[in-house]
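Visitor: I have a protein structure in front of me and would like to ask about parts of it. Please explain each answer step by step.

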Amino acid sequence: MSKISPKIDESWKEVLNSQFETEYFKQLKEFLIEERKQHTVYPPGSQIFSAFDNVPFHKVKVVIIGQDPYHGPKQANGMCFSVTKGVMQPPSLKNIFKEIQDDLGIPVPKHGDLTPWARQGVLLLNAVLTVRAHQPQSHQKRGWEQFTDHAIKQLSEHRDGLVFLLWGRSAQMKTTLIDTDKHYILKAPHPSPLSANRGFFGCKHFSKTNEILQTIGREPVNWSIEE
């Protein structure tokens with residue numbers, strides 16, 4: 001955790017540097033140091049801030065908010081819902097790809113690495129950036145929420161015309177951080193198998209996002225990740 005800065009895009013350092021010196025973040029660092037002594041923690045340290053490293057602050061145009069990283073071996077790569085190539089697609093990600101196929105006719109890809117979305121300005125931000133192996137939500141309320149809320153607030157304040165995709169109750173609680181006079185919010189149930197049938201399937205958020213982007217003069221997102 002001492003080598004934070006090199007793994008965050010320079011534009012985000014200006015936005016986030018103030019947080020690294022706060023008391024809550026210092027306590028978070030100490031917690032993570034102790035956690036790693038006793039447990040396996042995901043994602044690897046070099047990938048904790050991948051969401052910020054892959055999308056410069058001024059290039060963000062879509063924000064997808066998740067809860068916390070995948071807790072299985074080799075799954076988490078620092079971007080919500082994304083997994084490293086070669087890792088089986090988790091159920092929620094499979095449902096995301098199914099909705100994209102139904103919405104836009106894009107075939108379901110063979111892998112689940114969402115880096116191509118990030119390169120186009122899709123910020124894939126978990127509210128909590130680390131997790132103990134096999135224990136979902138184990139790093140909640142340790143400080144990460146304050147850190148990522150700050151990032152969302154900065155986007156809301158200093159950018160215009162962003163599209164926020166808020167899936168599930170946890171993500172939708174972030175609505176209060178977003179200036180709805182400046183930005184667009186699309187809400188749906190979480191893509192988890194427990195809730196996808198309650199309205200995530202059929203939400204058409206991917207085509208709707210592109211319609212919004214084109215209306216305000218921005219390039220639509222190519223939601224295919226096959227390269």
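Visitor: In which loop is the place of His-134?
Guide: This is a predicted model, and the place can be given by the elements on either side. For His-134 these are β4 (131-132) and α6. The residue is therefore in the loop between β4 and α6.

Visitor: Is His-134 buried or exposed?
Guide: A residue is called exposed when its relative accessible area is over 50%. His-134 has 55% relative accessibility. Because that value is over the cut-off, His-134 counts as exposed.

Visitor: Which loop holds Lys-74, and what is its phi?
Guide: Lys-74 is found in the loop between β2 and α4. Lys-74 is exposed, with a relative accessible area of 69%. Its phi is positive although the residue is not glycine; the value is near 65°.

Visitor: What span should helix α6 have, and how far apart are its end C-alpha atoms?
Guide: Helix α6 covers residues 144-158, which makes 15 residues. The expected span is 1.5 Å times one less than the number of residues, so α6 should span 21 Å. The distance between its end C-alpha atoms agrees with this: 21 Å.

Visitor: How many residues of α6 are buried?
Guide: The buried residues include Trp-144, Phe-147, Ile-152 and Leu-155. They pack against several elements, among them α1 (10-20), α2 (23-38) and β5 (163-167). The helix is mostly covered, and the number of its 15 residues that are buried is 11.

Visitor: Is Gln-154 buried or exposed, and which residues does it touch?
Guide: Gln-154 is in helix α6. Its relative accessible area is 17%, and the cut-off for buried is under 20%, so Gln-154 is buried. Leaving out residues up to four places away in sequence, Gln-154 touches Val-15, Phe-57 and Arg-159.

Visitor: In what order do the strands of the open sheet of 4 strands stand?
Guide: The pairing in this sheet is parallel. β3 and β6 (184-188) each have a single partner strand, so they stand at the edges and one side of each has no neighbour in the sheet. Neighbouring strands are turned by 20° against each other on average, direction ignored. The order is β3-β2-β5-β6.

Visitor: How many bridges join β2 to β3, and what is the partner of Gly-66?
Guide: β2 and β3 run parallel and are joined by 5 bridges. In β3, the bridge partner of Gly-66 is Asn-126.

Visitor: What is the volume of the largest pocket, and which residues are closest to its centre?
Guide: The largest pocket has a volume of about 670 Å³. It is lined by 28 residues, and α4 (91-104) and α7 (169-172) each supply at least two of them. The closest to the centre are Gln-67, Asp-68, Ser-92, His-190 and Ser-192.

Visitor: How much space lies in the largest cavity?
Guide: A search of the whole structure finds 2 cavities of 30 Å³ or more. The lining of the largest cavity includes Phe-97, Ile-100 and Trp-223. Phe-97 and Ile-100 are among the buried residues of α4. The space in the largest cavity is about 50 Å³.

Visitor: Which peptide bond is cis, with omega near -10°?
Guide: The bond leads to Pro-43, a residue in the loop between β1 (41-42) and α3. The residue on the other side of the bond is Tyr-42. The cis bond is the one from Tyr-42 to Pro-43.

Note on methods:
Residues are numbered from 1 along each chain as its sequence is written. This is a predicted model: local features need pLDDT of at least 70, side-chain atom pairs count only at pLDDT 80 or more; totals for chains, interfaces and linings use all residues. Side-chain values use heavy atoms; hydrogens and water are left out. Helices (H or I, at least four residues) and strands (E, at least two) are DSSP runs, numbered from the N terminus. Buried means under 20% relative accessible area, exposed over 50%, partly exposed in between (1.4 Å probe, protein chains only). Contact means heavy atoms within 4.5 Å. Two strands pair if DSSP finds at least two bridges between them. Axes are lines fitted to C-alpha atoms, for helices over the stretch in contact, and angles run from 0 to 180 degrees between N-to-C directions. On a 1 Å grid over the protein atoms alone, a cavity is a set of points where a 1.4 Å probe fits but cannot get out, and a pocket is an open set with protein on both sides within 12 Å along at least five of seven lines; lining residues have an atom within 4 Å of a point. Grid points are joined across faces, edges and corners, and a volume is the space filled by probe spheres set on the points.
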